[in-house]
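Colleague: Could you take a close look at one loop in this chain with me? I'd like to know where it sits, and then how the rest of the fold is put together around the helices.

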Amino acid sequence: MSKLLSRQGVRDFCLGLALLLATLALMFWPKDSMAAARDGLTLCYNVIIPSLFPFFVLSALVVDLGLAGHLGRALEGIMRPLFNVPGACAPALALGFVGGYPVGARTALQLYQKGMCTKTEAERLLSFCNNSGPAFILGVVGAGVFASSRVGVLLYLAHAAASVCVGLLFRFYKRDRRSGADRPAPQFQAERFTTAFTGAVKNSFLSVLNICAFVVFFTVVIRLLFLSGLLPGLAGLLGRAFAPLGFSQAWAERLLTGVLELSSGVWSLSGAGTTAGPMSMAAFLLGWAGLSVHCQVLSFIGGSGLSVGTYLVGKLLHGGLSALFIAVLVRLFPLEAPVSDYLADQVAGIAGMDFHRTLVISLVCAWVLFLFFLFVAAAAARKSLGKRHRSVL
């Protein structure tokens, strides 16, 4: 089968057939396609743009203004022993946990392009720094889907712990034989604030538009896959194949939906209960992140030369470890509270969030992080200047 697909003619035929089927689906269900596109655009307007844009600008400023370099000197003793990456990579990890997908991956790429980490170090960083933000896990998944803030906390703890574990495992990826003293110092020239700020705003807006395009695309694709019966049919095959394990068609549909697009997958778990099964699937989907998020990341790293396989393996491992950790946490902290259908209905769509509230929360978080990075960088720079002054004397 692999040899057959490796032929150019066969690949072109499969691609042409897929495009033909997609065109026919749009012709058969035009109204449903337009409705799905409107839902995707509403999601982008209400959530994607206000939540990601401030963090994209922040990540660009942290790198372009040289703050990451000062942070690197302060955090080298933490990042190098744990994850085998320079301390300058700390902003990617922090922004990845707070800003959500794909802020961490974009920051890692910026650090690599600026020469603040090697190719191998950037690939290590990509494997574990692209994570879901706490607002999505605690608010939408915890309080919304499962109607339990406690579930949200457990999911976020499992998600964060799995991410750190992936980073610890990937520290051995292509181990560099050179010691820290032998590694060449990154050659980086900080930009002026006016240049860095205007470039950050412009490039961040283009990046957000790129992400919105993928969100709308996958929203329409999932709707068409359900209408055409392809996704339910594949779910039926999986359900029958894994029926002895208690895996039904309904669960297969939820899994396949989440594999394609994270938000739709976790929303399908509404009303499924707070047992280990639904929570483990939610944890896996949050760690895997979905093909929609992967396409967003690949749009950034596609021409950089960084390994796509390393990133995907890291996300798959992240999903598996998250599901394992949540299964352990549920046994340690059993949850018996019933799921509230009313609360689940109130958050049936994340697009229902108020635009201004989402924008204010994102801006506040972005500025708090920026001030924290600025304070740490200033402290590191002051310490470095003090050492130089003493050495001169």
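Between which two helices does Ala289 lie?

Modeller: Happy to. Please keep in mind that this is a predicted model. Ala289 lies in the loop that joins helix H14 (276-288) to helix H15 (291-301). What may catch your eye is its backbone: phi is positive, about 80°, although Ala289 is not a glycine. As background, most residues other than glycine have a negative phi. Ala289 counts as buried because its relative accessible area is 0%, and the cut-off for buried is under 20%.

Let me place that loop in the whole chain. The chain has 393 residues, and buried ones make up 46% of them. Its secondary structure consists of 18 helices and zero strands. If you take the contacts with a separation of 6 or more, 80% of them are between residues 24 or more positions apart. The accessible surface amounts to about 19500 Å², with 69% of it belonging to carbon and sulfur atoms.

Staying with H14 for a moment, you can follow it to another part of the chain. Val330, found in helix H16 (residues 308-332), is in contact with Ala276 and Met279, leaving aside neighbours within four places in sequence. The C-alpha atoms of Val330 and Ser280 are separated by 9.4 Å, with their positions 50 residues apart along the chain. Val330 has a relative accessible area of 13%, so it is buried.

A positive phi turns up at Asn84 too, and there the value is about 60°. Asn84 is not a glycine either. You will find Asn84 in the loop between helix H4 (67-83) and H5. With a relative accessible area of 7%, Asn84 is buried.

That loop leads us into H5 (residues 90-99). This helix is mostly covered, with eight of its ten residues buried. The buried ones are Ala90, Pro91, Ala92, Leu93, Leu95, Gly96, Phe97 and Gly99. After H5 comes Gly100, which has a positive phi near 90°.

Next, look at the partner of H5. H5 packs against helix H6 (residues 103-113) at an angle of about 160°, and their axes are 7 Å apart. H5 is therefore roughly antiparallel to H6. The crossing of H5 and H6 is right-handed. On the H5 side, the residues that meet H6 are Pro91, Ala92, Leu95, Gly96 and Gly99. On the H6 side they are Val103, Gly104, Thr107, Ala108 and Leu111. Sorted by class, this contact holds six nonpolar residues, four polar ones and no charged residues. The H5 residues in the contact, from Pro91 to Gly99, are listed among the buried ones.

A second helix pair is worth comparing by eye. Helix H8 (residues 134-145) has Phe136, Ile137, Val140, Val141, Gly142, Gly144 and Val145 as its buried residues. H8 is followed by Ala147, where phi is positive, near 55°. Helix H9 (residues 149-170) packs against H8 at an angle of about 145°, with the two axes 8 Å apart. The crossing of H8 and H9 is right-handed. In this contact, Pro134, Ile137, Leu138, Val141 and Gly142 come from H8, while Gly152, Val153, Leu155, Tyr156 and His159 come from H9. By class there are seven nonpolar residues, three polar ones and no charged residues. Among the H8 residues in the contact, Ile137, Val141 and Gly142 are buried.

One last stop is Leu225, which you will find in helix H10 (residues 193-228). Its relative accessibility is 22%, and so Leu225 counts as partly exposed. Leu225 touches Leu230, Leu231, Pro232 and Leu260, not counting residues up to four places away in sequence. The C-alpha atoms of Leu225 and Ala25 are 8.9 Å apart, although the two residues are 200 positions from each other along the chain.

To come back to your loop on screen, start at Ala289, between H14 and H15. From there, go back along H14 to Ala276 and Met279, and you can see their contacts with Val330.

Methods
Residues are numbered from 1 along each chain as its sequence is written. This is a predicted model: local features need pLDDT of at least 70, side-chain atom pairs count only at pLDDT 80 or more; totals for chains, interfaces and linings use all residues. Side-chain values use heavy atoms; hydrogens and water are left out. Axes are lines fitted to C-alpha atoms, for helices over the stretch in contact, and angles run from 0 to 180 degrees between N-to-C directions. Helices (H or I, at least four residues) and strands (E, at least two) are DSSP runs, numbered from the N terminus. Angles under 35 degrees count as roughly parallel, over 145 as roughly antiparallel, 65 to 115 as roughly perpendicular and the rest as oblique. A crossing is left-handed if the near helix is turned anticlockwise from the far one by less than a right angle, and right-handed if clockwise. Contact means heavy atoms within 4.5 Å. Ala, Val, Leu, Ile, Met, Phe, Trp, Tyr, Cys and Pro count as nonpolar, Asp, Glu, Lys and Arg as charged, and the others, Gly among them, as polar. Buried means under 20% relative accessible area, exposed over 50%, partly exposed in between (1.4 Å probe, protein chains only). Accessible areas come from the Shrake-Rupley method with a 1.4 Å probe; for residues, only the protein chains shown count as cover.
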